[in-house]
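Here is a short guided walk through one protein model, written for someone meeting it for the first time. Keep the structure open beside the text and follow along.

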Amino acid sequence: MKITKIFTFDSSHMLDGHDGKCQNLHGHTYSLEITVSDGLIEAGAKAGMVMDFADLKTIVKQTVIEPFDHAFIYHGGNARESQIAALLEGWQMKTLRLNRRTTAENLSVEIFGRLKSAGLPVCSVKLWETPTSCAEYEGN
Ligand SMILES: [Zn+2]
């Protein structure tokens, strides 16, 4: 059985070296669909649930929304993105260093890994960068 909950967060980013407009610093209101897969809980207050949507919300908020929302998310391995991050950090502005280029594809992998590490039985992360463009990662 699978359940899905949808979240949103706002982040700024850039794709240094991109051959189009995404090389510029810009932002998205991301929509994030988290799907978890598990058997149904058999007894007690959560009987008949894969997990309580409220518990799913708590984990995703702590693990993803809090670090990503209103942050400049950047590739720590990129010199220019790191320079911008250092400037922002000097002004006490929120940044999030990632070990990969911040494409929708890579962000879905990053978010999947964070949720898995938090113990969530996540089976799919679908990240909408715009209302018509998304990347989906299913752990492989
Ligand atoms: Zn973008």
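Glu 129 sits in strand S5, which covers residues 122-130. This is a predicted model, and in it Glu 129 has a relative accessibility of 17%. Because buried means under 20% relative accessible area, Glu 129 counts as buried. Leaving aside neighbours within four places in sequence, Glu 129 is in contact with His 13, His 28, Thr 29, Tyr 30 and Ala 104.

Two of those partners, His 13 and His 28, bring us to the metal. Which residues hold the zinc ion as its protein donors? They are His 13, His 26 and His 28, each through its NE2 atom, lying 2.0 Å from the zinc ion. Along the chain, these donors follow the spacing H-x12-H-x1-H. The pair of His 13 and His 26 links distant parts of the chain, 13 residues apart: His 13 belongs to strand S1 (residues 2-13), and His 26 to strand S2 (residues 26-37). His 28 also lies in strand S2.

How exposed is each of these histidines? The table sets them side by side.

| Zinc donor | Relative accessibility | Class |
|---|---|---|
| His 13 | 0% | buried |
| His 26 | 23% | partly exposed |
| His 28 | 12% | buried |

His 28 deserves a second look. Its side chain is joined to that of His 13 by a polar contact of 3.3 Å. The side chain of His 28 also reaches the backbone oxygen of Glu 129, at 3.0 Å. Not counting residues up to four places away in sequence, His 28 touches Phe 9, Asp 10, Ser 11, His 13, Glu 129 and Thr 130.

Glu 129 has one more role to mention, this time from a record. An unreviewed UniProt entry places the feature "active site" at Cys 22, His 70 and Glu 129. Where does His 70 lie? You will find His 70 in the loop between helix H1 (53-68) and strand S3. Is His 70 buried or exposed? With a relative accessibility of 58%, His 70 counts as exposed, whereas Glu 129 counts as buried. Leaving out residues up to four places away in sequence, His 70 touches Asp 10 and Lys 94. Asp 10 is also among the residues that His 28 touches.

Now let us move along the chain to a helix. Helix H2 runs over residues 79-90, twelve residues in total. From its first C-alpha to its last, H2 reaches 16 Å, close to the 16 Å expected at 1.5 Å a residue. Just ahead of the helix is Asn 78: at the start of H2, a side-chain oxygen of Asn 78 reaches to within 3.1 Å of the backbone nitrogen of Arg 80. Just after H2, Gln 92 takes a positive phi of about 55°.

Which residues of H2 are buried? They are Glu 81, Ala 85 and Leu 88. Seen down the axis of H2, the buried residues fall within an arc of 60°, so they line one face of the helix. Some background helps here: an α-helix has 3.6 residues a turn, so residues three or four places apart point the same way. Strand S3 (71-75) and strand S4 (95-98) are included in what covers the buried residues of H2. The face turned away from that buried side carries the exposed residues Ala 79 and Gln 83.

Definitions and conventions: Residues are numbered from 1 along each chain as its sequence is written. This is a predicted model: local features need pLDDT of at least 70, side-chain atom pairs count only at pLDDT 80 or more; totals for chains, interfaces and linings use all residues. Side-chain values use heavy atoms; hydrogens and water are left out. Helices (H or I, at least four residues) and strands (E, at least two) are DSSP runs, numbered from the N terminus. The expected span of a helix is 1.5 Å times one less than its number of residues. Buried means under 20% relative accessible area, exposed over 50%, partly exposed in between (1.4 Å probe, protein chains only). The arc is that of the directions from the helix axis to the C-beta atoms. Contact means heavy atoms within 4.5 Å. A polar contact is a pair of N or O atoms within 3.5 Å; within protein, one must be able to donate a hydrogen and the other to accept it, and residues adjacent in sequence count only if both atoms are side-chain atoms. Donors are N, O and S atoms within 2.8 Å of the metal (3.2 Å for Na, K and Ca); water is not among the atoms, so sites may look incomplete. UniProt positions are given in the numbering used here, feature names are shortened, and annotations may be inferred rather than shown by experiment.
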